Amino acid sequence: VVRGDVNAIRIGNNSNIQDNATIHGTFEQAATTIGNDVTIGHNAIIHGCTLEDETLVGMGAIVMDNAVVKKGAFIAAGAVVLEGTIVEENALYAGVPAKKVKDIEGKNR
């Protein structure tokens, strides 16, 4: 579901939004921006946040208002990225709330 009823939603080139994912924003406060080459897994919720290029959001994960997922970062399945969180570039975040697990380097990208 891409629900652009209360704020802007921008989706970049070659991005993959899988079944039952929900993309939404917050009225007059938080638009949603999805960069290029982003993958959003089944049942994920992307709400009023920014996903930079080449990021991956796992199945069932939630990314809340004003969070920024930097280029190349991965959000693990089921993780919850709290409001205002800045996810580091090329890092894996997991858990509730989501915390950095490790850097993603080389062939693991």
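Leaving aside neighbours within four places in sequence, Thr-32 is in contact with ten listed partners, among them Ala-8, Ile-9 and Arg-10, then Ile-23, His-24 and Gly-25, and also Ile-46, His-47, Gly-48 and Cys-49. The model that shows these contacts is predicted.

Thr-32 belongs to strand S4, which covers residues 32-34. Thr-32 counts as buried because its relative accessible area is 0%, and the cut-off for that class is under 20%. One of the contact partners, His-24, also offers a polar partner: its backbone oxygen lies 2.5 Å from a polar atom of the Thr-32 side chain.

The setting of this residue is a protein chain with 15 strands and 0 helices. Buried residues account for 35% of the 109 residues in the chain. Of the contacts between residues at least 6 apart in sequence, 9% join residues at least 24 apart.

The overall dimensions and surface of the protein chain are as follows.

| Property of the protein chain | Value |
|---|---|
| Span of the C-alpha trace along its principal axes | about 40 × 30 × 20 Å |
| Radius of gyration | 12 Å |
| Accessible surface | about 5,700 Å² |
| Distance between mean positions of positive and negative charges | 6 Å |

The radius of gyration agrees with a compact globule, because a globule of 109 residues would have a value near 13 Å and the protein chain has 12 Å. Carbon and sulfur atoms hold 47% of the accessible surface. The charge separation in the table refers to 9 positive and 13 negative charges.

Technical notes:
Residues are numbered from 1 along each chain as its sequence is written. This is a predicted model: local features need pLDDT of at least 70, side-chain atom pairs count only at pLDDT 80 or more; totals for chains, interfaces and linings use all residues. Side-chain values use heavy atoms; hydrogens and water are left out. Helices (H or I, at least four residues) and strands (E, at least two) are DSSP runs, numbered from the N terminus. The radius of gyration is taken over C-alpha atoms; the globule rule is 2.2 Å times the number of residues to the power 0.38. Buried means under 20% relative accessible area, exposed over 50%, partly exposed in between (1.4 Å probe, protein chains only). Contact means heavy atoms within 4.5 Å. Accessible areas come from the Shrake-Rupley method with a 1.4 Å probe; for residues, only the protein chains shown count as cover. Lys and Arg count as positive and Asp and Glu as negative; His and the chain ends are not counted. The place of a charge is taken as NZ of Lys, CZ of Arg, CG of Asp or CD of Glu. A polar contact is a pair of N or O atoms within 3.5 Å; within protein, one must be able to donate a hydrogen and the other to accept it, and residues adjacent in sequence count only if both atoms are side-chain atoms.
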